Amino acid sequence: MEVADELAVAIGADPDEDLAFQLQMQEAVTASLTPKPSSSNDDVFKVYFKGLVSDETVSNVNMSFAGIGVAVFDASDCCLVKSRKSYLVDADSRGTEDEQVELEGLIEALNVAVNHGLKRVRVFSDCNSGYRYLTRKRKRTSSKIVTLIDQLNDIQSKFIYYERFHVKKNNIKFVYELARDAITFEAANWDNSHSGMTITEQCTICFEYVASDQIFSVNKCLHRYCFSCMRKHAEAKLLQGKLPKCPHEKCESKIEIESCKKLLKPELYKILRSRVKEASIRPFDKVYCPFSNCSALMSKDEVKEHTLASSYTAAGEIGMRKCVECNCRFCINCKVPWHDNVTCSDYMKSFLFQSSNEAKLKSLATKEGWRECKNCMNLVELASGCYHIDCRCGYQFCYTCGAEWVDKKQTCGCRLWDEHNIIYA
């Protein structure tokens, strides 16, 4: 008697009346009697994984994709399973995407092992940043990282034996290729499914969805914001006299000047270039063109080289310089338009100087009690505090008499402070 007939008799059914039921029961019995492959509880399996991030061009738009490759080998180095996974990297992950993808790759690898009933594993990868998060040797910088760490701790508890190993990239080429293939497949899918469509992205400042080609990416950290928000951020910083940085919290990445050209109006872009140049020149090396219609900023070396290249005069001997922008001549010593065949002291006494704007400014400075730095010739006004002035050029002096401070100590007998200049909290 066949197995199906025996089952039919056992449950009181007619074998000829319900053939379909008999066949189903026969398949169930056969499946239950078929021996399943099993591994010894003592077997240790090798799990390899790679998390990879790559920028791809999809429909003429730059997009970041993540790919994960996983491979599991038994104790005899026979490959049991290969797996790959891919997805589009969201804007909130910018700056930490490499670490996040590595952690997600480890989670994927362990999930594959759990789903195949493995209890003892050795895990291999070529990156240690995720491991440093797990061991708290690296600070957990975002809520996403914290969530991934919690998931990892939960999955690791399902293994009897778990150990991680750091290997060279050459030793995991096979999972690297799986991750790379996953990214290529994902990018191709996006290209096919979004062809002719406008891809949008959410700005994390205004939370508006804008076209991806209207998103500004900070070069170093890759944080991304819409042009409108970045334009407002850059303009606000420039009006404060500062260079714009990435607006992401605690991010110190500087915004490259050339990338701001598409953000700012021409006049603001010119101000930005000036701010960048100003920050790059040491305070005591800064020289400004004395002509009011120019006022270009230069370094002493820059203006000297320009003068020597464009004039037969020995600039180093007489102090004559030429502005690199307007090409007008001026005196490097007294910072006024060039006074040919007249010494600086004589020029200061001349009617020409006395009737100039420079003289009017000096007269106003004397009237208001402002002090001129002897090193850089800039005027300083004391609004509050003590009389010890630390000029932006690095020169320190007494505001009352102008005497230099040496080693943070005054060299004059003037009072250090006055009661009416002190602000009390």
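**α8 and its cover.** I began with what lies over the buried residues of α8, and the cover includes α7, β10 (286-288) and β11 (297-299). I am working from a predicted model here. Which residues of α8 are the buried ones? I noted Leu268, Tyr269, Leu272 and Glu278. A reminder to myself: an α-helix has 3.6 residues a turn, so residues three or four places apart point the same way. I then checked the length of α8: its 15 residues reach 21 Å from the first C-alpha to the last, close to the 21 Å expected at 1.5 Å a residue.

**Ser253.** Next I looked up where Ser253 sits, and found it in the loop between α7 (227-239) and α8 (266-280). Is Ser253 buried or exposed? Ser253 counts as buried because its relative accessible area is 14%, and the cut-off for buried is under 20%. I also listed what Ser253 touches, leaving aside neighbours within four places in sequence. The contacts of Ser253 are Val218, Lys220, Cys221, Lys245 and Cys246.

**Helix α3.** I moved on to α3, which covers residues 97-115. How far apart are its end C-alpha atoms? They are 26 Å apart, and the 19 residues should span 27 Å at 1.5 Å a residue, so the two values agree. I also looked at burial in α3 and found the helix mostly covered, with 15 of its 19 residues buried. After α3 comes Gly117, and I wrote down its positive phi, near 75°.

**A nonpolar patch.** On the surface I picked out a nonpolar patch of about 230 Å², made by Leu361, Leu364 and Leu379. I followed up Leu364, which lies in helix α13 (residues 357-368). Why does Leu364 count as partly exposed? Its relative accessible area is 37%, and partly exposed runs between the 20% and 50% cut-offs.

**The β12-β13-β14 sheet.** My last stop was an open sheet of three strands in the order β12-β13-β14, with antiparallel pairing. Which strands are at the edges? I have β12 (320-322) and β14 (336-337) down as the edge strands, as each pairs on one side only. I then checked β13 (residues 329-331) against β14, and the two pair in the antiparallel sense over two bridges. For a residue to find on screen, I noted Cys331, which stands opposite Val336 in β14.

How values were computed: Residues are numbered from 1 along each chain as its sequence is written. This is a predicted model: local features need pLDDT of at least 70, side-chain atom pairs count only at pLDDT 80 or more; totals for chains, interfaces and linings use all residues. Side-chain values use heavy atoms; hydrogens and water are left out. Helices (H or I, at least four residues) and strands (E, at least two) are DSSP runs, numbered from the N terminus. Buried means under 20% relative accessible area, exposed over 50%, partly exposed in between (1.4 Å probe, protein chains only). Contact means heavy atoms within 4.5 Å. The expected span of a helix is 1.5 Å times one less than its number of residues. Patches are made of residues with over 30% relative accessible area and no salt bridge: like charges are joined within 9 Å, nonpolar side chains (Val, Leu, Ile, Met, Phe, Trp, Tyr) within 5 Å. Accessible areas come from the Shrake-Rupley method with a 1.4 Å probe; for residues, only the protein chains shown count as cover. A salt bridge is a side-chain nitrogen of Lys or Arg within 4 Å of a carboxyl oxygen of Asp or Glu. Two strands pair if DSSP finds at least two bridges between them.
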